[in-house]
Amino acid sequence: MRVIGVIGKKDTGKTSIICDILKHVSGISVATIKKTHHSVEIDTPNTDSYRMKENSNLSVLSTGTKTGFYYDGMSLYEILSKIDYDLVIIEGFKEELIKYNIPKILMVEGKRGLDLLDNQVIMTIEDFKYDIKEVISEITDKAVVPTYNFNCGHCGYNCKQFVEKMIKGENNLKWDRCVMSYSIKITADDKIIPANPFVSDIIKNTIKGLIFSLKSVENPQKITISFDDESNNDLSNKIVVKTIENEKLNSKKN
Ligand code: SF4
């Protein structure tokens, strides 16, 4: 999964350029993440779906043609750890992009927005003038696999230095020098754990050997295994029944 950000001040064309990129790329899976400071009502209060969503950690609404997954509010780290697409384009999240060393495109209008320029900007687009092929080529070259500041040193630098040097084109650094580009994805309690290439290969090859020996497996492109260290399926030890006042309970009936 490779990620890239788009930042800029209000009305500089951030969403429009993302839509243009989406229109011009095919053959890969693409996800978009947008940060908004407006309060967005994603459902209508008091509808059945709203009431279910209000009281669960995850509620899924399916209309047959669209499916919406509603989680509680999440940080960028949490969002990225939950998704797996070829390319993820992030709009906004300025501070988090800096914190996690995610390269970005900067949209400016006149001089407005130039104060956001830093060493992690891969291209600056002024007054919405750009060549879409050039934009896509820069993304293809410089979008990174999220490093989450693991700072393992495998590339010879820390994560921040790696990204900044790669953007400048120093030492022929490419995104795939980062260990995360060929590491298997391991999460423990939703925290992503980096593995060096040696360990990655051992785990990968062992799992492949086991999976390929199973019946009905034909050359899969992607294998995902997830398990709990101990059985978490026994609800009786964990569930707490809350006492709710009658008045509130009655208002929730029907
Ligand atoms: S190899 Fe990747 S995760 Fe490790 S320090 Fe370099 S950029 Fe960071």
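Two residues are taken to be in contact if their C-beta atoms, placed from the backbone, lie within 7 Å. On this criterion, among contacts in the protein between residues at least 6 apart in sequence, 59% link residues at least 24 apart. The model is predicted. Its secondary structure consists of eight helices and nine strands. The C-alpha atoms occupy a box of roughly 65 × 50 × 35 Å along the principal axes, and 19% of the 254 residues count as buried.

The surroundings of the ligand comprise 15 residues, of which Cys-152, Cys-155, Cys-159, Phe-162 and Cys-178 come nearest. By class, ten residues of this shell are nonpolar and five are polar, while charged residues are absent.

Two of the residues that come nearest to the ligand, Cys-159 and Phe-162, also belong to the buried set of helix 6, which spans residues 159-168. That set is completed by Val-163, Met-166 and Ile-167. The five lie on the same side of helix 6 because they cover an arc of only 125 degrees around the axis. The packing partners of these buried residues are strand 7 (121-126) and helix 5 (132-142). After helix 6 comes Gly-169, with a positive phi near 80 degrees.

Key. Residues are numbered from 1 along each chain as its sequence is written. This is a predicted model: local features need pLDDT of at least 70, side-chain atom pairs count only at pLDDT 80 or more; totals for chains, interfaces and linings use all residues. Helices (H or I, at least four residues) and strands (E, at least two) are DSSP runs, numbered from the N terminus. A residue is buried if 20 or more other C-beta atoms lie within 10 Å of its own, exposed if 12 or fewer, and partly exposed in between; C-beta atoms are placed from the backbone. A residue is near a molecule or strand if its C-beta atom, placed from the backbone, lies within 6 Å of it. Ala, Val, Leu, Ile, Met, Phe, Trp, Tyr, Cys and Pro count as nonpolar, Asp, Glu, Lys and Arg as charged, and the others, Gly among them, as polar. The arc is that of the directions from the helix axis to the C-beta atoms.
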